[in-house]
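Hi,

Here is the two-chain model I said I'd pass along. Have a look at it first, and then read on for what turned up.

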Amino acid sequence: MKLDPVTLATPLFIITIILEIVAARLGKARANYEPRDTAVSLVMGLGSTMSGVFTAGVVAASTVWVYQHRLFDIPMTAVWAWAAIFVLEDLVYYWFHRISHERRFWWAAHVNHHTSQHYNLSTALRQTWTGGIAGTWSLWLALAFLGFPPAMIATQKGISLVYQYWIHTEVIGRMPRWFEAVFNTPSHHRVHHARNAVYLDRNYAGILIVWDKLFGTFQPELDDVPCKYGVVKNLGTFNILRVAFHEWIAMGADVLKHPRHALGYVFGPPGWSHDGSRETSATLKARANVSAGVGANALDAGAGGQGAEALS
Amino acid sequence: MGDEALIQFALSAAAVAALIALAAWAKIARPVGPLDDARARALLAEEFPGRSVDAVWIASDGAGALARSGGMALVICRFGDGFVARQIPWAQAVSSSFRDGRLSVDLADIAAPRATLSLPSWPPKNLAA
């Protein structure tokens, strides 16, 4: 039995979900749980641990191979090494997460995490079944090439995942200002899960929100724009197989239908189409911005901005 | 799969089942009332900003609505404690299967395959073309 941070934290996941549900039931906390939505989230989480088994060997073997060709010898026992991997792994996570939103091939794997119309602790566990196939794990090979031992990389990845669990909640409003300035928080991550135009493709951070501020993707939660969760075209099924594979199937269908534009349909941004008949995050944001003029509230297309085209 | 992994998986599955049962017991889904004309139009404006709506048909149980917007049909149907919206060609909506007071609309989308709306009749005679 492997004892990585995620496995060790599993009892904490269970206990805190129980607490969130009971607190909401008693009217002590803000949280909504729809049973079938919760079932999908939790079964996706359970399935992701199983699907990970199939690609774990390839990931581990690749990491070890790259580590054998490393630039430096970084000791796993040094404090500075842990400080360095904390920062560098989080930087890798930021770019993994950004590419997972901005290019359809990787979005097909990541979209599962965003398909709930709810934002509660169970949503955190709605994880992909196809991440190994999408190959985004290869981004972390850079750390092995630098010389970080594979076990150290795996541990830090686990720590990052566990950190990101607690921010999937509406129970916590805002953390102290200094904390919000440096770290990813429930408020920042609510923005990330929202489908309002102003919030699309923002706040990719894992632990440190500073990456979004550095790379221009930061968006604070606006008091006058309540988050509406889910994806631009929300799911209309609780069928777990459709939930897990719908974007892969849709992408395959687009490629078969328009083979000359296959590259665009696979590696273009989600919503890209060869004839411009669909909308990407960029076009949605631009339309909301143009139609609404200035003002944060007006930027929210979901709240009734006057656009020229419908969501498609 | 080794014994330890099997036990770990079984315990996780049991925990998942218990949490789903707890969520069902708690009854803390969002309250979602039936759609009326004003609410349906507001929802259509949210989901299809800028689209003009020529006519709206509200499901008799308030669980959805279908609107005509030029050559397109805008469909909203309840999903869990929320709503899902899609647009399809009007002709496709008109030719949808209608039986026993239920309109079954093929949304042609793997992620939202079908919407079912309770309506007194279909298609509307004056707007079928």
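What percentage of the contacts in chain B with a separation of 6 or more do residues 24 or more positions apart account for? The answer is 37%. Before going further, keep in mind that this is a predicted model, so everything below is computed from predicted coordinates.

For chain A, the same kind of count gives 69%: that is the share of its contacts between residues at least 6 apart in sequence that join residues at least 24 apart.

**Chain A**

This chain has 14 helices and zero strands, so there is no sheet pairing to describe, only a run of α-α-α-α-α-α-α-α-α-α-α-α-α-α along the sequence. Chain A is as compact as a globular protein of its length, because its radius of gyration of 20 Å is close to the 20 Å that the globule rule gives for 312 residues. If you are setting up a box, the C-alpha atoms take up roughly 55 × 55 × 40 Å along the principal axes. Of the 312 residues in chain A, 43% are buried.

One helix to click on is helix 10 of chain A, residues 186-193, which is mostly covered, with seven of its eight residues buried. Which residues are the buried ones in helix 10 of chain A? They are A:P186, A:H188, A:H189, A:R190, A:V191, A:H192 and A:H193.

**Chain B**

Here you get a mix: three helices and seven strands, arranged as α-α-β-β-β-β-α-β-β-β from the N terminus on. Chain B is more spread out than a compact globule, because its radius of gyration is 20 Å, well over the 14 Å that the globule rule gives for 129 residues. Its C-alpha atoms fill a box of roughly 65 × 35 × 30 Å along the principal axes. Buried residues come to 36% of the 129 in chain B.

At the N-terminal end, an unreviewed UniProt entry lists residues 6-26 of chain B as "transmembrane region". In the model, that stretch of chain B is 100% helix and 0% strand, with its end C-alpha atoms 30 Å apart.

**The two sheets of chain B**

Four strands of chain B make an open sheet in the order 1-2-3-4, with antiparallel pairing. Strand 1 (55-58) and strand 4 (82-89) of chain B stand at the edges with a single partner strand each, so one side of each has no neighbour in the sheet. From one strand to the next, the twist averages 15°.

Having an open edge within the sheet does not leave strand 4 bare, though. Six of the eight residues of strand 4 of chain B are buried, so the rest of the structure largely encloses it. Its antiparallel pairing with strand 3 (residues 72-79) of chain B runs over eight bridges. Two pairs to look for are B:V75 opposite B:R86 and B:F79 with its bridge partner B:G82. Strands 3 and 4 of chain B form a hairpin with two residues between them, and B:G80 in that turn has a positive phi of about 60°.

The other open sheet in chain B has three strands in the order 5-6-7, also with antiparallel pairing. Strand 5 (97-99) and strand 7 (114-118) of chain B are its edge strands, each pairing on one side only. Neighbouring strands in this sheet are turned by 20° against each other on average, direction ignored. Strand 5 of chain B pairs with strand 6 (residues 102-106) of chain B over three antiparallel bridges, and there you will find B:F98 opposite B:L103.

**Where the chains meet**

How many residues of chain B are in contact with chain A? There are 36 of them, and they touch 42 residues of chain A. Helix 1 (3-26), helix 2 (37-47), strand 3 and strand 4 of chain B each give two or more residues to that side. Helix 1 of chain B has the largest share, with 13 residues. By type, the chain B side divides into 24 nonpolar, six polar and six charged residues.

So two pieces come up again at the contact with chain A: strand 4 of chain B, largely enclosed as noted above, and helix 1 of chain B with its 13 residues.

Cheers

Technical notes. Residues numbered from 1 in each chain as written. Chains lettered and ligands numbered in written order. Predicted model: local features only at pLDDT ≥ 70, side-chain atom pairs only at ≥ 80, totals over all residues. Rg over C-alpha atoms; globule rule 2.2 N^0.38 Å. Buried ≥ 20, exposed ≤ 12 C-beta atoms within 10 Å, placed from the backbone. Contact = placed C-beta atoms within 7 Å. Pairing = 2+ DSSP bridges. Axes fitted to C-alpha atoms, helices over the stretch in contact; angles between N-to-C directions. Nonpolar A, V, L, I, M, F, W, Y, C, P; charged D, E, K, R; others polar. UniProt positions renumbered as here; feature names shortened; annotations may be inferred.
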